[in-house]
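Let's take a friendly walk through this model, starting from its interior and working outwards. Keep the viewer open as you read.

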Amino acid sequence: MRVFYSHPMKLYGSAEERREASQIKSRFVGCELVDPSREPGRETRFYLGLVDTCDCLVFSRYFGYITEGVKPEVDHALSKGMPVYELRDGRFSAVAGPVFNLPVMKRLILRAKGALGMGRHDSR
């Protein structure tokens, strides 16, 4: 079984990414984990092609929100009738309907405040 691990780029290389990958491998024993962080910088169409090679998709959020890269992967898997699971707090929940990401204006405000780890850096 091939499992696509759709997760925010902000998690790439982090302890959280390693923890989630381990949880997926424990839940889907013997699976091949398809991790887009191993192929960074590609166009969305490339990742959607990888989704097509998988049996299911597991996604996670960033600060509770679906990110711009995760949403098309999840939507694509759902449109193909693929099983989709959200991984949150170590639990897997089946997802049957569309997912929604943070509205643009709210995302910009949070970025400006530094809440998404993308704001201005203090020069002191």
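## Val 84 and its surroundings

Setting aside residues up to four places away in sequence, Val 84 touches Leu 57, Phe 59, Val 74, Ala 77, Leu 78, Ser 93, Ala 94 and Val 95. Please bear in mind that this is a predicted model. Val 84 has its place in strand β4, and it counts as buried because its relative accessibility is 2%, where the cut-off for buried is under 20%. One of its partners, Val 74, is 10 residues away in sequence, and the two C-alpha atoms are 7.2 Å apart in space.

## The overall layout

Stepping back, the chain contains four helices and five strands. Following the sequence from start to end gives the pattern β-α-β-α-β-α-β-β-α. The chain has 124 residues, of which 40% count as buried. If you look at contacts between residues at least 6 apart in sequence, 68% of them join residues at least 24 apart.

## Two nonpolar cores

In soluble globular proteins, nonpolar side chains tend to be buried together. Which residues have the most contacts inside the largest nonpolar core? They are Phe 4, Leu 57, Phe 59, Val 74 and Val 84, in a core of 16 residues. At least two residues of this core come from each of α2 (44-52), β3 (56-59) and α3 (70-79). Another core, of 11 residues, lies apart from it and includes Val 3, Tyr 5, Phe 28 and Tyr 85.

Phe 59 is a good residue to click on next. Leaving aside neighbours within four places in sequence, Phe 59 is in contact with Ser 6, Ile 66, Val 70, Val 74, Val 84, Tyr 85, Glu 86, Leu 87, Val 95 and Val 99. Among these contacts is Tyr 85, which belongs to the 11-residue core.

## Helices α2 and α3

In α2, the buried residues are Tyr 47, Leu 48, Leu 50 and Val 51. Viewed down the axis of α2, these buried residues fall within an arc of 155°, so they line one face of the helix. The general background is that an α-helix has 3.6 residues a turn, so residues three or four places apart point the same way. The buried residues of α2 pack against β1 (2-6), β2 (32-34), β3 and α3.

For α3, the buried residues are Val 70, Lys 71, Glu 73, Val 74, His 76 and Ala 77. Their packing partners are β1, α2, β3 and β4. After α3 comes Gly 81, which has a positive phi near 75°.

## Loops and positive phi

Most residues other than glycine have a negative phi. Phe 63 has a positive phi although it is not a glycine, and so does Asp 89. The table sets these two side by side.

| Residue | Phi | Place | Relative accessible area |
|---|---|---|---|
| Phe 63 | near 55° | loop between β3 and α3 | 55%, exposed |
| Asp 89 | near 55° | loop between β4 and β5 (91-95) | 66%, exposed |

Gly 30 sits in another loop, the one between α1 (15-27) and β2. Is Gly 30 buried or exposed? With a relative accessibility of 71%, Gly 30 counts as exposed, since the cut-off for exposed is over 50%. Gly 30 and Arg 2 are 28 residues apart along the chain, with 9.2 Å between their C-alpha atoms.

Back in helix α1 you will find Ser 22, which counts as partly exposed at 41% relative accessibility. The C-alpha atoms of Ser 22 and Leu 33 are separated by 9.8 Å, and these residues are 11 apart along the chain.

## The second largest pocket

Rolling a probe the size of a water molecule over the atoms shows where empty space is left. The second largest pocket holds about 180 Å³ of space. Its lining is made up of 14 residues, and those nearest its centre are Glu 16, Glu 20, Leu 87, Arg 88 and Asp 89. Asp 89 is thus listed here as well as among the residues with a positive phi.

Which elements each supply at least two residues of this lining? They are α1 and β4 (84-88), with α1 giving the most, four residues. Sorted by class, the lining has three nonpolar, four polar and seven charged residues.

Note on methods. Residues numbered from 1 in each chain as written. Predicted model: local features only at pLDDT ≥ 70, side-chain atom pairs only at ≥ 80, totals over all residues. Heavy atoms only, no water. Core = buried A, V, L, I, M, F, W, Y, C linked by side-chain atoms within 4.5 Å. Buried < 20%, exposed > 50% of the residue type's maximum accessible area, 1.4 Å probe, protein only. Contact = heavy atoms within 4.5 Å. Arc of directions from axis to C-beta. 1 Å grid on protein atoms, 1.4 Å probe; cavity = no way out; pocket = protein on both sides within 12 Å on 5 of 7 lines; lining within 4 Å. Points joined across faces, edges and corners; volume = space filled by probe spheres on them. Nonpolar A, V, L, I, M, F, W, Y, C, P; charged D, E, K, R; others polar.
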